[in-house]
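User: Please help me read this protein model step by step, beginning with the terms that I will need.

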Amino acid sequence: MAPRKATTAGICKPRKKARLPKIFSCLVCDRNDVVRVEMRRKKKTVMKDGKRTKKTVREGVGKLQCSSCHVKFDYPIGHLSAEVDVYSAWVDSLEAQKEAKKAAVATSTTTGN
Ligand SMILES: [Zn+2]
């Protein structure tokens with residue numbers, strides 16, 4: 001028989017830094033915790049004064065994908081960008097799309113007479 005661990009073993013873990021969320025709710029299929037954002041940063045060679053300078057540029061692309069409805073969204077990120085920035089950009093773009101649709105419907109329905 002395996003020795004039993006003490007039942008009083010730590011239930012409350014010490015909290016580290018508050019982490020920014022990386023998993024979000026989907027506005028397309030309306031489910032919680034299905035949207036993941038992956039940050040793909042890259043290194044770059046930059047031209048400066050006609051010289052090629054190797055520089056680590058931590059910008060790249062934030063890739064958002066819903067594991068439920070598979071909606072995708074790419075957003076360019078800077079070195080200060082976080083997953084939540086990609087998500088909010090996606091929310092903004094969805095809003096913009098909605099508005100555009102509304103406007104299109106409005107213009108098509110108001111024609112005639
Ligand atoms: Zn979805």
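Analyst: Helices (H or I, at least four residues) and strands (E, at least two) are DSSP runs, numbered from the N terminus. Residues are numbered from 1 along each chain as its sequence is written. This is a predicted model, in which local features need pLDDT of at least 70 and side-chain atom pairs count only at pLDDT 80 or more, while totals for chains, interfaces and linings use all residues.

User: Which pattern does the protein follow when read along the sequence?

Analyst: The secondary structure comes to one helix and six strands. Read along the sequence, these elements give the pattern β-β-β-β-β-β-α.

User: What is the order of the strands in the open sheet?

Analyst: Two strands pair if DSSP finds at least two bridges between them. S2 and S5 pair in the antiparallel sense over seven bridges, and strand S1 (23-24) and strand S6 (72-77) are the edge strands, each pairing on one side only. The open sheet of four strands, with antiparallel pairing, therefore has the order S1-S2-S5-S6.

User: Which element gives the largest share of the largest nonpolar core?

Analyst: A nonpolar core is a set of buried Ala, Val, Leu, Ile, Met, Phe, Trp, Tyr and Cys residues joined through C-beta atoms within 7 Å, where buried means that 20 or more other C-beta atoms, placed from the backbone, lie within 10 Å of the residue's own. The largest such core has nine residues, among them Phe24, Val35 and Trp90. Strand S2 (35-41), strand S5 (60-66) and helix H1 (83-109) each give two or more residues to this core, and the largest share, three residues, comes from H1.

Definitions and conventions:
Buried ≥ 20, exposed ≤ 12 C-beta atoms within 10 Å, placed from the backbone.
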